[in-house]
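Here is a friendly walk through a protein model, meant for someone seeing it for the first time. Have a look at the sequence and the structure, then read on.

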Amino acid sequence: MGLTSLLDLELAVPRPEELQQFWTDHGMQLTTAGTLGTTDRPSQLRLREGGYRHVSELRVECETEADLVAIASRLDALGIASAIGDGVLRCADPVLDHDVVVQVRGAAPITPAAPRQWNLPGAYERIGQRSPACISEQPHSPRRLGHVVFGTSDVEASRAFFVDGLGFKVSDSFGEFAYFLRCSNDHHNLLITPAAVPNLNHYALEMDGIDAIGLAGQKIVAERPDCSVTGVGRHVVGANMFWYLLDPAGGMFELYSDMDQIVDDEKWAAENHRTDWNPFEVAAWNSTAIKPDFFEPVDIADIAKGREAAGR
Ligand SMILES: [Fe+2]
């Protein structure tokens, strides 16, 4: 069966308490010390102190113990060491150096979003009622960690590790320049893109829809006026609607909704998979210009120094 879900990220930042406060203020729950979760998934971001901002562990789910054995064998063929114990496989990302854990099961199902009525031309459903987007006072909280994007100094080594080793599937690519990879039905749970210094480009949190993105993002921008990087818009590849913002640790995150879903691998490969996307066609539409931070983190010099100090 192979990989089935993205589970969580461990994020190392110089001031984890600041990032923890930000996310508890904006709809995530502190489930155990340093661990932020959502209503359905108690662990989505695990925070710890580190000299520079980076992912220290990425955790994904697989179906069976046999999957762990198969992954270990494939990693071994790539010359990458791994160890299996207590229902998990551990190895190290060969480019970014963080730990990768593959765990047998563990992803809780996501409670379906409440159905919405829309007024569309000739198909008016919301009759005699105001939109909940205008009158609801419910907070708009992230529903789950959906994907992560890494800048890698060796795209081919990263592709080999994630695809040939761990078993991620390629949904689309910009030639051999960048790869959109999935370990679930989501169009992408991981994107690897070229970078001079390996880094976390962004983490993405799924929201209940465009209104949830707008309302949650607006609240964040009201507190941190310069933190919007780009959006609201809709990506071309993956089709997700997005708003990219900076967290207090200097990391970019994306609030997103409505990503393409892939349940039939062969059908997607035959009818939709493309390698000729233009990497500069980021959005089908976008309400703002894209700041340079979108492509290279604002703290890339600190990341470079931190990696060097850590011997990476
Ligand atoms: Fe994204």
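Two strands count as a pair if DSSP finds at least two bridges between them. With that in hand, start at one end of the sheet, and keep in mind that this is a predicted model. Strands β6 and β7 run antiparallel and are joined by four bridges. One residue to look up is alanine 83, whose bridge partner in β7 is arginine 90.

Now zoom out to the whole sheet. It is open, has eight strands with mixed pairing, and follows the order β2-β3-β4-β1-β5-β8-β7-β6. The edges are β2 (29-32) and β6; each has a single partner strand, so one side of each is left without a neighbour in the sheet. On average, neighbouring strands are turned by 25 degrees against each other, direction ignored.

Two helices go with this sheet. Helix α1 (residues 16-25) lies across β1, β2, β3 (35-37) and β4 (45-49), and runs at about 155 degrees to β4. Helix α2 packs on the sheet too, touching β1, β5, β6, β7 and β8, with its direction at about 20 degrees to that of β7.

Which residues of α2 are buried? They are Asp67, Leu68, Ile71, Ala72 and Leu75. These cover an arc of only 140 degrees around the axis, which puts them on the same side of α2. That fits a general point: an α-helix has 3.6 residues a turn, so residues three or four places apart point the same way. Over on the other side of α2, Ala66, Val69, Asp76 and Ala77 are exposed. The cover for the buried residues includes, among others, β1 (3-13), β5 (54-62) and α4 (155-166).

The length of α2 (residues 65-77) checks out as well: at 1.5 Å a residue its 13 residues should span 18 Å, and its end C-alpha atoms are 19 Å apart, which agrees. Just after α2, glycine 79 takes a positive phi of about 80 degrees.

Last stop: the iron ion. Its protein donors sit 2.0 to 2.2 Å away, and their spacing along the chain is H-x54-H-x51-E. Histidine 147 lies in strand β11 (residues 144-152) and glutamate 254 in strand β18 (residues 252-257), 107 residues apart, so this pair links distant parts of the chain.

Here are the donors with their atoms:

| Donor residue | Donor atom |
|---|---|
| His147 | NE2 |
| His202 | NE2 |
| Glu254 | OE |

Are histidine 147 and glutamate 254 buried or exposed? Buried means under 20% relative accessible area, so histidine 147, at 1%, counts as buried, and glutamate 254, at 0%, is buried too.

Terms used: Residues numbered from 1 in each chain as written. Predicted model: local features only at pLDDT ≥ 70, side-chain atom pairs only at ≥ 80, totals over all residues. Heavy atoms only, no water. Donors = N, O, S within 2.8 Å, 3.2 Å for Na, K, Ca; no water. Buried < 20%, exposed > 50% of the residue type's maximum accessible area, 1.4 Å probe, protein only. Expected span 1.5 Å × (residues − 1). Arc of directions from axis to C-beta. Contact = heavy atoms within 4.5 Å. Axes fitted to C-alpha atoms, helices over the stretch in contact; angles between N-to-C directions.
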